[in-house]
Amino acid sequence: MSSRTSPYRWLAGALALVVATAFVTTQVFSEDPPQGQPKMTPEEQKTFEACMKAAIPGPQHKQLVSIAGTWDVATTFWMKPDAPPSPSTGVTKAKAILGDRWIMEEFEGQMMGGPFGGLGITGYDNVKKKYVNIWMDTMGTGAMISEGTSDATGKIITYIGTYEDPATNKTKTYRSISKFISDSKHTFEMYDKTPEGKEFKCLDIVYTRK
């Protein structure tokens, strides 16, 4: 079997990364490096410390993972601006992952009269200074990806994202807003655009903690 197709190739790379990380961490947090290994230069030390700082969860992550738990979900969907609303219900289970750096939400419910499931992962990028979100569901095989910023309170996050429109096979831009109302309630709104470029509210979700 060639190395190009070997299933062990990824494992070798992962082990190399673990070994390298352990070596560098040892250099930083001990007075003397391992025998036979050089000390880090000031520039290398600075780079490593910046990477370590970027990996530490902060208040934005704490806010996101505060929604961990099980939620009753009430959804209202609009196909177009003048369409009648389509209400539905479901349940979302949210849990913090990767050391409280991300919140992962799994939704099960109804959409347009049929079963619907979705998976969302949200975090905060310390380097970009932006929230990041990816959403996938049973209505398609693509992903919706967005980045956002919060208001001064940190409780209202506005995202701008993109998705591939299956009707036109073109990339579309959307806007969404997450609001942290209380420990037992938060909301989500999504705004799409008509073919003429007019924005309209296409989705409204209210989460109530079980």
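Which residue forms a salt bridge with Asp 183? Keep that one in mind while you get the whole chain on screen; the tour comes back to it shortly. One thing before you click: this is a predicted model.

**Stop 1: the whole chain**

Start with a cartoon view of everything. You have 3 helices and 10 strands to look at. Follow the chain along its sequence and the order is α-α-α-β-β-β-β-β-β-β-β-β-β, so colouring by secondary structure is a handy way to keep your bearings on this tour. Now switch on a surface. The accessible area is about 13600 Å², and carbon and sulfur atoms hold 60% of that. Of the 210 residues, 32% count as buried. If you like contact maps, take those contacts with a separation of 6 or more: 31% of them are between residues 24 or more positions apart.

**Stop 2: Asp 183 and its partner**

Back to the opening question. Select Asp 183 and Arg 209 as sticks: these two form the salt bridge, with the closest N and O atoms 3.6 Å apart. Asp 183 sits in the loop between E8 and strand E9 (185-193), while Arg 209 belongs to strand E10, so the bridge ties together parts 26 residues apart in sequence. Are both ends out in the open? Not equally: Asp 183 is exposed, at 58% relative accessible area, whereas Arg 209, at 23%, counts as partly exposed.While you're here, add Lys 128, Lys 130 and Glu 147 to the selection: salt bridges with shared partners join these three into one network.

**Stop 3: more salt bridges**

A search of the whole structure turns up 8 salt bridges. For another one, select Asp 72 and Lys 210, whose closest N and O atoms are 2.9 Å apart. Asp 72 is in strand E1 and Lys 210 is in the segment after strand E10 (199-209), so this pair ties together parts 138 residues apart in sequence. Asp 72 is partly exposed, with a relative accessible area of 33%, and Lys 210 counts as exposed at 60%.

Next, zoom in on Glu 147 and Lys 130 from the network. Their side chains meet in a salt bridge at 3.6 Å, N to O. The pair links strand E6 (residues 144-150), home of Glu 147, to strand E5 (residues 130-137), home of Lys 130, with their positions 17 residues apart in sequence. Glu 147 is partly exposed at 27% relative accessibility, and Lys 130 is partly exposed at 33%.

**Stop 4: aromatic rings**

Hide the charges and show the aromatic side chains. The whole structure has 3 aromatic pairs. Pick Tyr 163 and Tyr 174, a tilted pair with 6.0 Å centre to centre and 50° between the planes. Tyr 163 comes from strand E7 (residues 156-165) and Tyr 174 from strand E8 (residues 170-182), 11 residues apart. Buried or exposed, these two tyrosines? Tyr 163 is buried, and so is Tyr 174.

Now select Arg 175 together with Tyr 191. Arg 175 lies over the face of that ring, 4.5 Å from the ring centre.

**Stop 5: Ser 176**

Select Ser 176, which lies in strand E8. What does Ser 176 touch, leaving out residues up to four places away in sequence? The list is Ile 157, Thr 158, Tyr 159, Phe 188, Glu 189 and Met 190. Show those as sticks around the serine and you have its surroundings. The relative accessible area of Ser 176 is 2%, so this residue is buried.

**Stop 6: the loop between E1 and E2**

Move to the loop between strand E1 (69-77) and strand E2 (86-97), where you'll find Met 79. Ala 83 has its place in that loop too. Try colouring by accessibility here: Met 79 is exposed at 57%, whereas Ala 83, at 16%, counts as buried. For a distance to draw, connect the C-alpha atoms of Ala 83 and Cys 202: they are 9.7 Å apart, although the residues are separated by 119 positions along the chain.

**Stop 7: a nonpolar patch**

Last selection: keep Met 79 and add Met 112 and Met 139. Together they form a nonpolar patch on the surface, with about 350 Å² of accessible area between them.

Definitions and conventions: Residues are numbered from 1 along each chain as its sequence is written. This is a predicted model: local features need pLDDT of at least 70, side-chain atom pairs count only at pLDDT 80 or more; totals for chains, interfaces and linings use all residues. Side-chain values use heavy atoms; hydrogens and water are left out. Rings of Phe, Tyr and Trp (its six-membered ring) pair if their centres lie within 6.5 Å; planes under 30 degrees apart count as stacked, over 60 as edge-to-face and the rest as tilted. Helices (H or I, at least four residues) and strands (E, at least two) are DSSP runs, numbered from the N terminus. Buried means under 20% relative accessible area, exposed over 50%, partly exposed in between (1.4 Å probe, protein chains only). A charge sits over a ring if NZ of Lys or CZ of Arg is within 6 Å of the ring centre and within 35 degrees of the ring normal. Patches are made of residues with over 30% relative accessible area and no salt bridge: like charges are joined within 9 Å, nonpolar side chains (Val, Leu, Ile, Met, Phe, Trp, Tyr) within 5 Å. Accessible areas come from the Shrake-Rupley method with a 1.4 Å probe; for residues, only the protein chains shown count as cover. A salt bridge is a side-chain nitrogen of Lys or Arg within 4 Å of a carboxyl oxygen of Asp or Glu. Contact means heavy atoms within 4.5 Å.
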